[in-house]
Structure formats: C-alpha cells, structure tokens
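Q: Could you walk me through reading a metal site and a disulfide in a model like this one?
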Amino acid sequence: MRHATLLILPAALMLAACQPQTPADDAATPPVDPAAPAASGTAATAPDPAMPEADAQTGMAAATATLAPTEGNEVAGRLEFSSVDGGIRITGEVTGLEAGSEHGFHVHETGDCSAPDGTSAGGHFNPATTAHGRVGQGEHHAGDSDNIVANDQGTAMVDTLLRGATLDQGETGIIGRGVIVHADPDDYTTQPTGNAGDRLACGVIEAR
Ligand code: CU
Ligand code: ZN
C-alpha cells in the first residue's frame, strides 16, 4: 500500500510542473505584435492624398473635349480620352455632318480654337517629328487618328486610337491640345495633312 502512493505522487507533480510553463512562453511573444499594426497603419494612409489627382472611377487619368463648329458650319461633338494598352482611345459623338460622309480627325498641336476657321489649332500634333500617316500602318503623327464616318443622321460614333501620345501635359501629352474634324477624308498619305481639307469643328482637350 505505501509503495503505491509513493509512485503516484511523483507522476502528478511532473504533470503539474509541465503545464504552468506554456502560459509563461506565450507571455514572452506578444510584445512584438503591437509595433507591426502601427507601422502598416501609417503606410496605408500615406498614398490616399495622392488619389484625387487620378480619375476617381477608373483610377487613371482621363480627359474630355467639346467640339464647336467653325464659322459657317454646324458640326459639334463631345469626346472622351482614356489610356489603353498601346495608346489613347477616343470615344464620343460628332453631330451635324453630311449623312454617310467621311472626315479626317486629328489631335492638333495647339489648344486654341479662336480663329474662325480653326487654323489657330496649328498642324497635326507631332512630337516625334515623323511623317503623316495612318495609325497601325507604319510612320504617323502622334495626333493622327482614323477617319470618322457619319451615319444616316449625320452623326459619327467615334471610337478610335492614338499611338505615340500620352494623357498628360508632357512632351508627348495631349492635355491642352486641339482636336479637329475636317471637311474631307484623310488619305493617310499626303504630307503633312492627309489632304483632309477645311476644319469643320475644333475643341480643346481638357483633363477631367
Ligand atoms: Cu487635322
Ligand atoms: Zn498627321
């Protein structure tokens, strides 16, 4: 009988001695954690003030242009510019055209539509000093874009592309420059204008 109780006691003491050790180990680690959330908290708030500079919906810069008729014309429109892979996409509507007609459509050097005939917008935007041409087919101006075509109602649904231009105010940037709708189609060949004729409408590209 005596031997039995002596054997059980040491076993119980060993179990009791082991358990208190684990809470002691845990207590040593927590002090490291409070520092980490504080550091990431300050880093997360820092980028926020810069966000309003970009477009709130898409997260990238976007621009618009309102086209107004030049003297003696009724061509008007509204355009939107967005950065896409490989260039700038131009979408929108141009109204007041002859039904089924085709028209040269470019970004021009200067955002100045004050001249009655739109010539104040200057020549095609050409920061790389290249020849006039067609987007996607060799050399062309950064401001060159495909012709727009009017439907039966005389409205052209614009969805075209610029390559070599950027949506900013830098050297290749189109913000603050002009957009012109011409009387004739661009032949994509004649230098330096594509022989697109008179200017029917003019607009200035503005950051949104
Ligand atoms: Cu033009
Ligand atoms: Zn051109």
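A: Sure, starting with the word donor: donors are N, O and S atoms within 2.8 Å of the metal (3.2 Å for Na, K and Ca), and water is not among the atoms, so sites may look incomplete. Here, the donors of the zinc ion (ligand 2) follow the spacing H-x7-H-x8-H-x2-D along the chain. They are H124 (ND1), H132 (ND1), H141 (ND1) and D144 (OD), at 1.9 to 2.0 Å from the zinc ion.

A: A word on ground rules: this is a predicted model, where local features need pLDDT of at least 70, side-chain atom pairs count only at pLDDT 80 or more, and totals for chains, interfaces and linings use all residues. Residues are numbered from 1 along each chain as its sequence is written, chains are lettered from A and ligands numbered from 1 in the order in which they are written, and side-chain values use heavy atoms, with hydrogens and water left out.

Q: What geometry does the site of the zinc ion (ligand 2) have?
A: Four donors count as tetrahedral if all angles lie between 85 and 135 degrees. The angles among the four donor atoms here are 103 to 118 degrees, making this site tetrahedral.

Q: Are H132 and D144 buried or exposed?
A: Buried means under 20% relative accessible area, exposed over 50%, partly exposed in between (1.4 Å probe, protein chains only). Both H132 and D144 are buried.

Q: Which cysteines does a disulfide join?
A: A disulfide is a covalent bond between the sulfur atoms of two cysteines; the cut-off is sulfur atoms within 2.5 Å. In this model C113 is joined to C202, S to S 2.0 Å, and the link is left-handed, with -75 degrees about the S-S bond. C113 is partly exposed at 29% relative accessibility, whereas C202 is buried at 4%.

Methods. Tetrahedral: all angles 85-135°; square planar, octahedral: opposite > 155°, others 65-115°.
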